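Good morning, colleagues. Please take a moment with the sequence and the structure before I begin.

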Amino acid sequence: MTTIGFIGLGIMGSPMSGHLVAAGHAVTGFDLSADSVAKLVAAGGTAAASVADAVAGAGVVITMLPNHPQVEDVVLGEGGVLELAAPGTLLIDMSTIRPETSVAVAKAAAAKGIRVLDAPVSGGEAGARQASLSIMVGGEEADFAAARPVLDAVGKTVVHVGPHGAGQVVKAANQLMVGGIYALVAEAIVLLEASGVDAKAGLDVLAGGLAANRILDLKRDSMIAREFAPGFRIDLHHKDMGIALAAARQVDVALPVTGLIAQLIAAGRAQGYGSLDHSALLKVVENLSGRA
């Protein structure tokens, strides 16, 4: 059993913390939402009234926060994790943030004897609920090995991908690919329907051929039905595409398709779809064709 402080009990963090409790870990959770904390308590965890409460006595601290400003505040800020955690604590940041922030956190933590991994996840709300997330981990190999029992409780594919920040680079690559596939599935639906072809039958065939992918497997029926309840919001994907483009600039590479997908996602946000699931890119493509 590991004593875990879990900070950030949102759409992803809530089921993840519950899986850790079910795996036998002692989990103390903090979130700005009292309802989210109550869910963890109902699952067998312990409520924390503050970051300090969550960190106190924890051998492992997990952060699952929306963006780098929140990570910087919670981890690096006054009264934050690095100020409060004991030397030897393992901090696992599972947020999706800029690679340079992960590197800065690791550097600051090392000065205090605190171990750090950046471990963003892919799989959305469904993956979090099913404990089937893909987890891409950056940091030291020994720290990754120490974290495996914790990560294996929430993920199915857990891979050490390189040094600090590497997990965030792999996550950026994941997000550009996911956005691109959503856009292409959306275009396929628009083409099929405009041509008088049954979109469900068409996508069923595509899902069994070379065009097969997880988005077709999981989302084709809900997209055809125009059901866009958020598993992962367009607002968050917009943030992630900014990370991908910034990472490309850092290493002087051109990602032209990524730039186009980023603009489509930005258009979805501008059109008022930011709170919808990223599969709502279908609405953006429909608007472009005058078929809304």
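Arg98 is partly exposed in this predicted model, because its relative accessible area is 27%, and partly exposed means between 20% and 50%. Its salt-bridge partner is Glu72, with 3.3 Å between the closest N and O atoms. This pair links distant parts of the chain, 26 residues apart: Arg98 sits in the loop between strand E5 (90-93) and H6, and Glu72 in helix H4. Glu72 likewise counts as partly exposed, at 28% relative accessibility. Through salt bridges with shared partners, Glu72, Arg98 and Glu100 form one network.

In total, the structure holds 12 salt bridges. One of them joins Asp152 to Arg148, the closest N and O atoms lying 3.1 Å apart. Asp152 is partly exposed at 39% relative accessibility, and Arg148 is partly exposed at 29%. Another salt bridge pairs the side chains of Lys239 and Asp240, at 2.9 Å from N to O. Are those two residues buried or exposed? Both Lys239 and Asp240 are buried.

I turn now to the second largest pocket, which holds about 240 Å³ of space. Its lining comprises 16 residues, and nearest its centre are Pro99, Val169, Ala247, Ala248 and Val251. Helices H6 (99-110), H9 (166-194) and H12 (234-250) each give two or more residues to this lining. Which helix gives the most? That is H12, with six residues. By type, the lining residues are 13 nonpolar, one polar and two charged.

Finally, the surface. Val159, Val161 and Val170 form a nonpolar patch there, with about 190 Å² of accessible area together. Val170 belongs to helix H9 and is partly exposed, at a relative accessible area of 34%.

Terms used
Residues numbered from 1 in each chain as written. Predicted model: local features only at pLDDT ≥ 70, side-chain atom pairs only at ≥ 80, totals over all residues. Heavy atoms only, no water. 1 Å grid on protein atoms, 1.4 Å probe; cavity = no way out; pocket = protein on both sides within 12 Å on 5 of 7 lines; lining within 4 Å. Points joined across faces, edges and corners; volume = space filled by probe spheres on them. Helix = DSSP H or I, 4+ residues; strand = E, 2+ residues; numbered from the N terminus. Nonpolar A, V, L, I, M, F, W, Y, C, P; charged D, E, K, R; others polar. Patch = residues over 30% accessible without salt bridge, like charges linked within 9 Å, V, L, I, M, F, W, Y side chains within 5 Å. Areas by Shrake-Rupley, 256 points an atom, 1.4 Å probe, with all protein chains shown as cover. Salt bridge = Lys/Arg side-chain N within 4 Å of Asp/Glu carboxyl O. Buried < 20%, exposed > 50% of the residue type's maximum accessible area, 1.4 Å probe, protein only.
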